Structures are given as structure tokens and as C-alpha cells.
Amino acid sequence: MQGQIFKIHSDFYYVKSVDGNVFECKLREVLKKQNQRVLTGDFVEFDQTGAIFNVLERKNSLPRPAVSNIDLVVVVSSLLEPKLDFVQLNRYLTFLKYYKIDALLCFNKEDLLKTPDFSLEARKILSIYRPLGYKILFTSAKENQGFCDFKKEIKGKTIALCGLSGVGKSSVINALNPELNIKTSRVSSYTKRGRHTTRHCEILDFGDFQIVDTPGFSNLKFDFILPRDLDSLFEDISEFAGECKYSDCLHIEGDEHSGGCAVLKNLSKIEPTRYKSYLEFLQEARDYKQKVTYGGIKEEETKKYTHGRQRAKISRIKRENSRNTAKQKIRDLYKTAEDNDEY
């Protein structure tokens, strides 16, 4: 049978089959031995005993939040409680750009800023992100405002919500369907941050669309990308990067190539919080490069896809000791002996 995993809890995988039935499943041992990471959103094959034995090829996937086969990620932020962090917002957007997944910006808790300050903040957000091609929505889950446009943008799609804890992701879902009554919590008056109320990823079916409810997270780092590839993830920086004198220019003051850097010459045209974000992520990428160069962290793949089906991939060590390899060694010895007239 085939179906989609809509929830993972402990070692149990809850699968909705193509005919709408729900099954509580476990992973077959072969998948565990392959270190196969099975995600919420995966389409899988399973047998009558509820054992998942194959993960079908994914359209896309994200490591954080750990989901797959999604059409859109809604980045939920708040303008107040907690206060909007532009670097963190850019972190999410750059991360999604790397994985080639579309993003929609949702700014929740609009009801907290019914002042001229709100208009000023909203204009700043629009001036930065609308020219970059992002769609932007302002919502208030408390007053149920802005959700008609929200539903239009996500109709017919499977989406994921991401954002810091306390920005109102669970409240947004409750506003879309009050019957779900997902647990929410207040922002701490001491830390000015929220607490995790979502403990696991789960696909919620709304009829016209599906939402993957995910835990909040803030520990995302660019420890998976090389420095020279980072500027391509910033549209407003890559616009000028192609004019740099040196192809390996990293667009930072004091660098050996900074004299011929077109980005630095046009820095006044780039929003400061965007360039600040770039510099922070660049340092993380440089740390990653050093780790790759001197740490030898490359891992060998343990699986492969053939005709849409996942197969075990024999490791290099086992492949060297395989039967075919042993036969080839015998043939080589025979040929060597024949060449040396030892036969």
C-alpha cells in the first residue's frame, strides 16, 4: 500500500493511505540500517503489518523543520512580542532560497501595533521585501484579520509554517480552523520570547489546503554551504556581484579583492539589515569551509533511487569485498600468471 506520513511520534509513523484510511506504522529494519531519515510529508510504501519498507522519491525536503513534499513555506513573524528580528527573518529566507522552496511572509499580531509606529514598520518591511519578489501579508490571529487573503494564497497547496517560538504560528492555525484548538502560550515577560508549544511536525488537513504544523526553532546556521555560493542567495547582493572584478570576491571590507568589489561600491543601494545578515551568514560559511578542508567530514551515501524505488547502496568497504570483486581479483591473478608463463 502507499500513503503519506502526516505525523511522527516516538518510533511510530502515522500514514494516511490513498483511500483516506489511517495506519500506525513502524520502519522496517532495512531502512534503519541505511540510516534513512523518514520525514513528515514523505510518501511511503508499507505492508499489511504496518511496516514501512520504501520511501518514494521526494519533490523537495527541508532539514529544519524536518518536512518534505511541500509547495510553500509561510515564514511567520511578529512585529512585537517578540520584536521583529530582521537577521533571523533573512536567515529563514536565505535558507529557503538554498532549498529552492517559495516563501510567503506573514506578519502576525497586527493588533498590537495600531499606532503610527506600525505604519512605519510596515512600510519598511514592504520596501525591503516586496522588491525581492516576496508576497507579504499582515494578520491578527487574535482579531481574525487578514485570513481571507491568506487562504487565497495557500489554496490547493501543502504548506509549512516556520518562525521563532511565540510569533503566533499555532494561533494562525487556530484562526484558520478554531475547532483544532492547538495549544498556545504567552510570550515571557522576562525573556520577551515564546515557549515551544508545538512538539512535533504534523500535517493538518483543511480540505482546500494542508498545513504542516512545526515546532519553533532558532538554531539554524549556514554550516552547509561554501562562502563563494552565499551571495547567489541574496538577490539584492547578487545583482551587483556579477560586476565584481574577481570571481571569488566575498564582498567584505579589507578583503584582498575588495578594491574591485561592485557590491561594496553599491552598498548604499542595499538595505543595511540585508548586508548585515550576509556578513553573519558568511562567517558561518567560512567556518564550515575550514571544517570541510581540515576535518574530513564527508559521509558516504547508504541509499540510492532506481526506477522511483529506494535501494540499499553497498558501502565502499563492502563493495571491495563483494563476490564480483573477488572474482575479478582471481581473473587478474590468472591473467598475470599467464603473462608470466607461470601456467
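This passage walks through a few local features of a predicted model, from a buried asparagine to a helix, some loop residues and a strand hairpin.

A good place to start is asparagine 108, which lies in strand S9, spanning residues 103-108. Its relative accessibility is 3%, so asparagine 108 counts as buried, the cut-off being under 20%. The side chain of asparagine 108 is joined to that of threonine 139 by a polar contact of 3.0 Å. Leaving aside residues up to four places away in sequence, the neighbours touched by asparagine 108 include Val76, Ser77, Ser78 and Leu79, as well as Thr139, Ser140 and Ala141. Val167, Gly168 and Val172 are also among the residues that asparagine 108 touches.

Strand S9 appears again in the surroundings of helix H4, which covers residues 147-154. Within this helix, Phe147, Phe150 and Ile154 are buried. These three cover an arc of only 50° around the axis, and therefore sit on the same side of H4. The spacing fits a general rule: an α-helix has 3.6 residues a turn, so residues three or four places apart point the same way. The other side of H4 carries Cys148 and Lys152, both exposed. Packing against the buried residues of H4 are strands S8 (72-78), S9, S10 (135-138) and S11 (158-162), together with helix H5 (169-176). After H4 comes glycine 156, with a positive phi near 75°.

Positive phi values also occur in residues other than glycine. Lysine 100 has a phi near 55° and is found in the loop between helix H2 (86-98) and S9. With 76% relative accessibility, lysine 100 counts as exposed, because the cut-off for that label is over 50%. Asparagine 144, in the loop between S10 and H4, likewise has a positive phi, near 55°.

Strand S13, made up of residues 210-213, is covered on both faces. Gln210 and Val212 are buried on one side, and Ile211 and Asp213 are buried on the other. This arrangement follows the general pattern that side chains in a regular strand alternate between the two faces of the sheet. S13 pairs with S11 in the parallel sense over three bridges, and glutamine 210 of S13 is the bridge partner of threonine 158. S13 also pairs with strand S12 (residues 202-205), here in the antiparallel sense over four bridges. Leucine 204 stands opposite isoleucine 211 of S13. Four residues separate S12 from S13 in the hairpin they form, and glycine 207 in the turn has a positive phi of about 85°.

Notes: Residues numbered from 1 in each chain as written. Predicted model: local features only at pLDDT ≥ 70, side-chain atom pairs only at ≥ 80, totals over all residues. Heavy atoms only, no water. Helix = DSSP H or I, 4+ residues; strand = E, 2+ residues; numbered from the N terminus. Buried < 20%, exposed > 50% of the residue type's maximum accessible area, 1.4 Å probe, protein only. Polar contact = N/O pair within 3.5 Å; in protein donor to acceptor, adjacent residues only side chain to side chain. Contact = heavy atoms within 4.5 Å. Arc of directions from axis to C-beta. Pairing = 2+ DSSP bridges.
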